[in-house]
Structure formats: structure tokens, C-alpha cells
Amino acid sequence: MATQVVMPQLGESVVEGKVTKWLKQEGQPVDRNEPLLEVETDKVTTEVSAIEGGTLLKVYVPEGQTVRAGTLLALIGQPGEPIPAAPSSPSPTAVEEGGRGVGAKGERASFVSPVVARIAAEHNVDVSQVKGTGQGGRVTKQDILAYVEAREKAKEAVPPKKEELPPWEQ
């Protein structure tokens, strides 16, 4: 019987993770405790290892997709073993409405992780001005870093203001 690989909950307040890289491809052999993929959260980037050996039969969540903890990511089993369809197609946790993450009632999520709060404070960023791509519109570490980078690029793009010299000094 195939073994399910699910998105782990990588911390008490971590409810989602982004699959950043698959280290094994479908059809490749996998040893027990061998790293299968890399997962990124607001707090950590880590490898997820196989709990059983076998063959990586099916990958359900592609690289770059963010899913909730507990989501079926892949199946490991024996070659030729029947592969069931995913119980429900995995989908990103960010609810998109016109490109803007929103909560269940349409409001922006206000909770940010301590890491996001620290980065925002270091760069003097009002988190409510940042578009969140996490669950319910939550601002993630990647969101805040992208916002800071875009702001810095915008500053570089504006030419320095020429000093207005009095007519007698021109």
C-alpha cells in the first residue's frame, strides 16, 4: 500500500508551507528518511524526508505552490502499484480576489509572524500597506521582503532633485 507524504506543520503557528523544490522526481527510488522536497514557511526552510522507502509514484503539489499543513503532497509505493487520484485537488491557501488576499469575511488579515513584524520594523514598513499572499491575505516573509525591495528600487529610479540655485549663482 502506498505511503502518503503530507505537508508537515513546521511550527505551532505555521499553518501553511510553500513547496520550493522537489529533490526526487516521479518514478525515482526513495530510501527511508531520504530528503524528498524542500518546504519554505515564514519562519524556516527545511527538507521533508520520506517516512518509508519505495518509489515516488505521484507528486500532487508542484514546486512554487503554497498549501495548508496536512495537504497530500505525494505518494511513495512500489512500481506498478495503482495510483489513486488526490482526495481533493490541492490548491493554494491564499484566496485571490482581484489579486488581493482576503479573509473569510473579506477583511485583510492582520496577524503577522514575529519574523515579518521584525523585518517590517527594521525597514519602517506599515504592514497594512503590503499585499499579503498567505492564508486569508496574511503577509508572509516573502511579501514583506518583496515590498522592501520594490520600495528600494523605486527610490533608485527617481532622479535626485536638482538644487534650485539663485539666478546670480547660475
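**Strands, partners and one alanine**

Trainee: Which residue in strand 7 stands opposite E16?

Mentor: Start with the strands: strand 2 covers residues 16–22 and strand 7 covers residues 66–68. They run antiparallel and are joined by three bridges. Opposite E16, in strand 7, you'll find R68.

Trainee: Before we go on, what pLDDT do local features need here?

Mentor: Residues are numbered from 1 along each chain as its sequence is written, and side-chain values use heavy atoms, with hydrogens and water left out. This is a predicted model, where totals for chains, interfaces and linings use all residues, side-chain atom pairs count only at pLDDT 80 or more, and local features need pLDDT of at least 70.

Trainee: Back to pairing: which residue in strand 4 stands opposite K21?

Mentor: Strand 2 also runs antiparallel to strand 4, residues 35–40, with four bridges between them. Two strands count as paired if DSSP finds at least two bridges between them. Opposite K21 in strand 4 sits E38.

Trainee: And what is the bridge partner of V59 in strand 8?

Mentor: Look at strand 6 (residues 54–59) and strand 8 (residues 72–77), antiparallel and joined by four bridges. In strand 8, V59 has as its bridge partner A74.

Trainee: Which strands stand at the edges of the open sheet?

Mentor: The open sheet has four strands, antiparallel, in the order 1-8-6-3. Two of them have a single partner strand each, so one side of each is left without a neighbour in the sheet. Those are strand 1 (3–6) and strand 3 (29–30).

Trainee: What pattern does the protein follow along the sequence?

Mentor: Helices (H or I, at least four residues) and strands (E, at least two) are DSSP runs, numbered from the N terminus. The tally is two helices and 10 strands. Read along the sequence, that gives β-β-β-β-β-β-β-β-β-β-α-α.

Trainee: Is A117 buried, partly exposed or exposed?

Mentor: A117 is in helix 1, residues 114–122. Buried means under 20% relative accessible area, exposed over 50% and partly exposed in between (1.4 Å probe, protein chains only). A117 has 34% relative accessibility, so it counts as partly exposed.

Trainee: How far apart in space are A117 and V127, C-alpha to C-alpha?

Mentor: In sequence they're 10 residues apart. In space, C-alpha to C-alpha, the distance is 7.9 Å.

Trainee: Last one: among contacts between residues at least 6 apart in sequence, what share join residues at least 24 apart?

Mentor: A contact here means heavy atoms within 4.5 Å. Among contacts between residues at least 6 apart in sequence, the share joining residues at least 24 apart is 58%.
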